[in-house]
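Please look through the sequence and the model below before reading on. The report that follows describes selected places in the two chains, and it explains each term where the term is needed.

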Amino acid sequence: MMKSVMEVLLLLMLFFTAHAKEKSYSPPEKTTQTRCRSPEKETFTCWWEPGSDGGLPTTYALYYRKENSETVYECPDYHTAGENSCFFNKNDTSIWVNYNISVVATNALGRAFSDPVDIDVVYIVEPNPPEKLTVVVMEDKGWPFLLVSWEPPHKADTRSGWITLIYELRVRLEEEEDDWEMHHAGQQKMFNIFSLRSGGEYLVEVRCKPDHGFWSEWSSTSYVKVPDYFHREKSMWILVAVFSALIFLILTWLLHMNSHSLKHCILPPVPGPKIKGFDNKLLKNGNSDEIFSALVVPNFPPASASKYEEMLVEYLEVYVPEEPELMLEESKDLLDGCLKSENSRSDSDSGRGSCNSHTLLMDKCGETKEEERQTNRESSLMETQGWKEEAINHDTSGKVKTWPSVYSPLPQYGSNPLDKQSSLETAKQHSLSTSSFLIQPGTKDALGPSYTDFCLSNKENHLHPQTLAHRALQTRSDVNISNIGCKRSPATEYVEVQRVNKEDMVLLQPVVSRCGHIEGCPNLPKGEDYSKLKGVDCDNRLLLQREGTGEDVCPCVDQETNREGGNCYTSSTVSTTQKPTACMYTAMPLQEETALSLNGYVDTATMGNLPSC
Amino acid sequence: MALKKTDGSKLLMAVVCLVAVCSSVPISDLLDRASQGSDKLHALSTIISQDLNSHFPPIGQEIMPRPSMCHTSSLQTPSDKQQTLQVSESDLLSLARSLLQAWSDPLLVLSASANTLHHPDQTSISNQIQELQLHSKSLGDGLDILSGKMGPAAQTISLLPFSGGNDIGQDRISQLINFNFLLSCFRRDSHKIDSFLKVLRCRATKAQPQMC
């Protein structure tokens, strides 16, 4: 009633004002954007957006209709919810009922109806934000976490199950804007947040949503500061950083040190052809003589053999008597160890030995030999020893003084066996004393080995022969046989052990033409002519390298310088044309039957390996 | 997916039966499961409605039948919170079961008509209707078990016959309109079911307020 009066008055006023001012007025536009929300499924509110009012005061009215009736109701409350709103209280709210709502804008000139909106309260639930948000920093073994708790909006009745709310919260650091960390909390009303930054200030907010509705607004922000707990972690990181920096430095340094080799490895230098001593410029000049003279290596090939002689440290010159059979017969009754050395008359040797002063040696030996021809075997033995002495003394290298004193009494070649014995003993004693000395000269730089072949028997006086032979073995002046480039030296002569006879005598024979294979000298045992002497055993027996055949008449011991573990031939059943006498030696050529044992020379360079008895 | 759900629900039923025989599963748990089922049901229906309304002819809104014409409108259900909270548990369950039962046939109609629906999202709608059917079925079975534990009053089901028949429309528009209408009815009823069950759940778990 009042309203209609108002409207009429308004119209009149408009008329007059329009007449007076000639303004244009129009009916209002219809309102738009009618939106309704229910916070707790018990009440709801609708808002609208007014349109143009047409220059005149406009009123708005909301009318609604429920689905089951045609009765049109007007909004009961325009004020509670603010401007342009309509609040429906509990009494006016029915759920599971469609509301048809429309807003009417009215002014003096007309009215406008908004578009009707159908709503059902249960579908427009948007709760209020959660309340009483509290954030507490809890300590967890030094790693703190946030305990966030809240309460549902006081209007929402979750206790009865009328509304079921699910919550969501978000966290961020104060300095990081818009970098929220979302957490879904479900239906629970508390939440733990871990992985906090030490000393950080955090902002926490929470919101809720009904099971079939809209999200609420974010609650008011809660601030919290996390205390500093970071020290342990920081120090650890500092330690780690320092350590890795150290390792990096070390690696860099290593890389720098090995940069050259690495460069070679990765980028190998391209080899350019170069000849040492070759002058490219000379080539350009065109004088070929000069050029190629540079290519000539000085002192190659070796001019004289005398240099090799100089290189020889020591050698043993052994004289081989003319009638080997005679010597053998004479020495048949050898009691002690038969010390004998053979020398091949042949000039050519395998290059191993010190071929030196062969003629000289031969002369001397010849003299002594003639003297001894009539003497017994012992005398001949002495001869041998004496010759040895001579030979030794004749060493032009002057380094060897093997047994200088040993043989001094020896030249008194009497047929006195006692003398001989004593001489032998003396020799033995001397040899014992000079044993170590004997080894030395030949070790380092001797090129030519000298070999002394021995034949031993293990008859009476085992000790003597053994030691004597032991020492005699030690007369070998050169240990490093194979280190020496074998040199063709006519002066050196070798005897080779042919075989061992029944009486355990080593049969020697002069070596023939051994200088053929220079380099192969150390490999002599491979041939048929040489066998290496391993050593002497306790029974005064020569231990030769075994070939694996035959009986252990003369057990062999590896010589220390024998690299190949040379052949060792031991056989006592060798048939030979030679007389089976002790210390037999023949000048037979090498073409002995291969079954001969102890072919080749006996290498006595096994000082260290000899068993001491 | 649908098969899995059937198997899942069957398995659920088997387990529930077994458990019920061997040892009684607390009603609160059963109600919790039922609530979750009804929640899912309603969510599905909402999704389908939204899909449908995305490409709905504007005129359809105008001439759509009123919700009071839903075949379940004859059932007296509480219309606000006060009334709802005053209803007994058994009655609430009965109401829920009645509503659910009332939709077993119409859902078939919906499912059938979804195949011939003239809508851009027809395929997804059709699939979702299928899923809806399965969920409805499993929920109904669960509620049957629940009713067995809640007394004879819970066993009563009000029959709400569906008189729509199999035909939901001749032309495209009417088809769509009727489909939409049916779906809206279902959506509301599923919300009712969900609400009732959740109130029941909260009542059954007085000792565990966090469930509510």
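Helices (H or I, at least four residues) and strands (E, at least two) are DSSP runs, numbered from the N terminus. By this reading, A:D178 is found in the loop between β11 (165–173) and β12 (181–186) of chain A. This is a predicted model, in which local features need pLDDT of at least 70 and side-chain atom pairs count only at pLDDT 80 or more, whereas totals for chains, interfaces and linings use all residues. Residues are numbered from 1 along each chain as its sequence is written, chains are lettered from A and ligands numbered from 1 in the order in which they are written, and side-chain values use heavy atoms, with hydrogens and water left out.

**Backbone and exposure**

The phi angle of A:D178 is positive, at about 60°, although this residue is not a glycine. A:K132, which is not a glycine either, has a positive phi of about 55°, and its place is in strand β9 (residues 131–138) of chain A. For the accessibilities in the table, buried means under 20% relative accessible area, exposed over 50%, and partly exposed in between, with a 1.4 Å probe and protein chains only.

| Residue | Relative accessible area | Class |
|---|---|---|
| A:K132 | 59% | exposed |
| A:D178 | 70% | exposed |
| A:W253 | 51% | exposed |
| B:E89 | 33% | partly exposed |

**A buried glutamate in chain A**

A:E40 sits in the loop between β1 (32–37) and β2 (44–49) of chain A. Although A:E40 is buried, it has no salt bridge (a side-chain nitrogen of Lys or Arg within 4 Å of a carboxyl oxygen of Asp or Glu). The nearest side chain of opposite charge is that of A:K155, 4.8 Å away; in this reckoning Lys and Arg count as positive and Asp and Glu as negative, while His and the chain ends are not counted.

Which side chain makes a polar contact with the side chain of A:E40? The partner is the side chain of A:T43, at 2.8 Å, where a polar contact is a pair of N or O atoms within 3.5 Å; within protein, one must be able to donate a hydrogen and the other to accept it, and residues adjacent in sequence count only if both atoms are side-chain atoms. When neighbours within four places in sequence are left aside, A:E40 is in contact (heavy atoms within 4.5 Å) with A:K155, A:A156, A:W162 and A:I163.

**A helix of chain A**

Helix α2 (residues 231–257) of chain A holds A:W253.

**Chain B**

The secondary structure of chain B comes to eight helices and zero strands. Buried residues make up 50% of its 212 residues, and 84% of the contacts in chain B with a separation of 6 or more are between residues 24 or more positions apart.

B:E89 belongs to helix α5 (residues 89–102) of chain B. Its C-alpha atom is separated by 8.7 Å from that of B:F196, although the two residues are 107 residues apart along the chain. Not counting residues up to four places away in sequence, B:E89 touches B:M150, B:L200 and B:R203.

In helix α6 (residues 104–114) of chain B, the buried residues are B:P106, B:L107, B:V109, B:L110, B:S111, B:S113 and B:A114. Their cover includes α5, α7 (122–149) and α8 (172–204) of chain B.
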